[in-house]
Amino acid sequence: VQLQASGGGLVQAGGSLRLSCAASGRTFNSMGWFRQAPGKEREFVATISWTSSTKSYVDSVKDRFTISRDNAKSTVYLQMNNLKPEDTAVYYCANGLRYSGGVPASAEYWGQGTQVTVSS
């Protein structure tokens, strides 16, 4: 499995970005996005099932971020609106999610990460 993330950048608070993650190889059904801010642990951001019927978000991004996927293109997206400085982090797409306490905690496969920086 190979995951290629893109779409990060520098944006002002209140702005938007869309991240993309192109997958190749034999992928697992559910895909997800995680992020890691400087000095902090990596945290789950959003997940999506194969049919897109099930989506989950960390509370801090609900109503601002939307995860979607195009299975024909083997690509998962993360639309991020109303960005805040606290959203600044390296964002990773992930496949083969592993759960702890019902929450995505890790993954078997990771993309290389894309930097998102939100200025105030």
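**A disulfide, a core and a pocket**

The link of Cys21 and Cys93 is right-handed, with 60° about the S-S bond. Cys21 sits in strand β3 and Cys93 in strand β9, so the pair ties together parts that are 72 residues apart in sequence. The model is a predicted one, and in it the sulfur atoms of Cys21 and Cys93 are 2.2 Å apart. That distance is within 2.5 Å, the limit for a disulfide. The count by this rule comes to one disulfide. Both Cys21 and Cys93 are buried.

From the disulfide we turn to the nonpolar core. The largest nonpolar core is made of 32 residues, and those with the most contacts inside it are Trp33, Val45, Phe65, Ile67, Leu78, Met80 and Tyr91. Two or more residues of this core are given by each of the elements β1 (2–6), β3 (17–24), β4 (31–36), β5 (43–48), β7 (65–70), β8 (75–80), β9 (89–100) and β11 (114–119). Strand β9 gives the largest share of this core, five residues. Strand β9 is also where Cys93 lies.

The last feature is a pocket. Rolling a probe the size of a water molecule over the atoms shows where empty space is left. The largest pocket has a volume of about 160 Å³. Its lining consists of Arg35, Gln36, Ala37, Lys40, Glu41, Glu43, Glu86, Thr88 and Ala89. Sorted by class, the lining of the largest pocket holds five charged, two polar and two nonpolar residues.

Methods:
Residues are numbered from 1 along each chain as its sequence is written. This is a predicted model: local features need pLDDT of at least 70, side-chain atom pairs count only at pLDDT 80 or more; totals for chains, interfaces and linings use all residues. Side-chain values use heavy atoms; hydrogens and water are left out. On a 1 Å grid over the protein atoms alone, a cavity is a set of points where a 1.4 Å probe fits but cannot get out, and a pocket is an open set with protein on both sides within 12 Å along at least five of seven lines; lining residues have an atom within 4 Å of a point. Grid points are joined across faces, edges and corners, and a volume is the space filled by probe spheres set on the points. Ala, Val, Leu, Ile, Met, Phe, Trp, Tyr, Cys and Pro count as nonpolar, Asp, Glu, Lys and Arg as charged, and the others, Gly among them, as polar. A nonpolar core is a set of buried Ala, Val, Leu, Ile, Met, Phe, Trp, Tyr and Cys residues joined through side-chain atoms within 4.5 Å. Buried means under 20% relative accessible area, exposed over 50%, partly exposed in between (1.4 Å probe, protein chains only). Helices (H or I, at least four residues) and strands (E, at least two) are DSSP runs, numbered from the N terminus.
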